[in-house]
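Dear colleague,

Please find the structure below, together with its sequence. My notes on the ligand and the pockets follow.

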Amino acid sequence: MNENHLRMLASPQWAQLLRQHVLPWLETGGGLGDDVLEIGPGPGLTTDLLLDLTPRITAVEVDADLAAQLARRLAGSNVKVINASAERTGLAPNRFSAAACFAMLHHAESAAAQDRVFAELLRVLRPDGILVGSEGYDNERTQRAHDGDQFVPVDPDGLPGRLAAIGFTDVSVEHGEYDFRFRARKPG
Ligand SMILES: C[S@@+](CC[C@H](N)C(=O)[O-])C[C@H]1O[C@@H](n2cnc3c(N)ncnc32)[C@H](O)[C@@H]1O
């Protein structure tokens with residue numbers, strides 16, 4: 001990630017935006033259960049949010065430095081940080097009550113790579129496990145924030161069809177001011 005983008009994702013302003021706009025949405029969804037996987041935590045302000053909602057988190061971060069920093073910051077908490085790609089986590093199948101990916105998918109190298117991430121999340125979720133996530137809109141502001149970075153936008157209108165094709169059910173997409181949020185379920 002470029003320096004500015006990384007600084008923003010570690011800032012109090014980002015933490016406040018998450019608490020104002022993402023947390024209430026997460027809280028209205030019926031709970032995330034007892035064992036949550038987060039992919040792409042970055043500096044971990046989204047992990048901090050999840051800590052209020054579940055007793056156990058596994059955070060999978062592909063960037064070795066960010067993974068090491070997060071593991072240090074959250075040492076002694078109930079978060080386990082793993083340095084791996086969300087395309088191949090190496091985690092056991094049918095384990096997690098929920099999987100969360102906030103502002104991560106557009107960093108995948110292609111739409112096919114995003115679909116591999118979805119398939120991996122389906123694999124590691126329990127039957128009836130919940131997928132929750134958010135993504136930014138493809139607009140000038142988001143493109144500018146990703147100057148020099150990977151930016152493969154996710155089309156909110158195409159997402160339900162993609163998730164259903166991979167095997168998710170009950171897909172919903174909610175539009176916010178800055179991003180859209182999605183929710184889906186692994187069939188029971
Ligand atoms: C824009 S940051 C979002 C950070 C955090 N979720 C938030 O919203 O504040 C995206 C993060 O996803 C990570 N990432 C990108 N591709 C990944 C992959 N295949 N597996 C795991 N993490 C990935 C990046 O290294 C980066 O830390």
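The shell around the ligand consists of 12 nonpolar, 6 polar and 2 charged residues; Ala, Val, Leu, Ile, Met, Phe, Trp, Tyr, Cys and Pro count as nonpolar, Asp, Glu, Lys and Arg as charged, and the others, Gly among them, as polar. This is a predicted model, in which local features need pLDDT of at least 70 and side-chain atom pairs count only at pLDDT 80 or more, while totals for chains, interfaces and linings use all residues. Residues are numbered from 1 along each chain as its sequence is written, and side-chain values use heavy atoms, with hydrogens and water left out.

Of the 20 residues around the ligand (those with a heavy atom within 4 Å of it), Trp14, Gly40, Glu61, Ala86 and Phe102 come nearest.

Polar contacts are pairs of N or O atoms within 3.5 Å. In one, a ligand oxygen lies 2.5 Å from an N or O atom in the side chain of Glu61. A ligand oxygen is also 3.4 Å from a polar backbone atom of Gly42, and a ligand nitrogen is 3.3 Å from a polar backbone atom of Val62. The protein covers 94% of the 600 Å² of accessible area that the ligand has on its own (Shrake-Rupley method, 1.4 Å probe).

Where does the ligand sit? It occupies the largest pocket, where "sits" requires more than half of its atoms to lie within 2 Å of the pocket's grid points. A pocket is an open set of points on a 1 Å grid over the protein atoms alone, where a 1.4 Å probe fits, with protein on both sides within 12 Å along at least five of seven lines; lining residues have an atom within 4 Å of a point.

Yours sincerely

Definitions and conventions. Polar contact = N/O pair within 3.5 Å; in protein donor to acceptor, adjacent residues only side chain to side chain.
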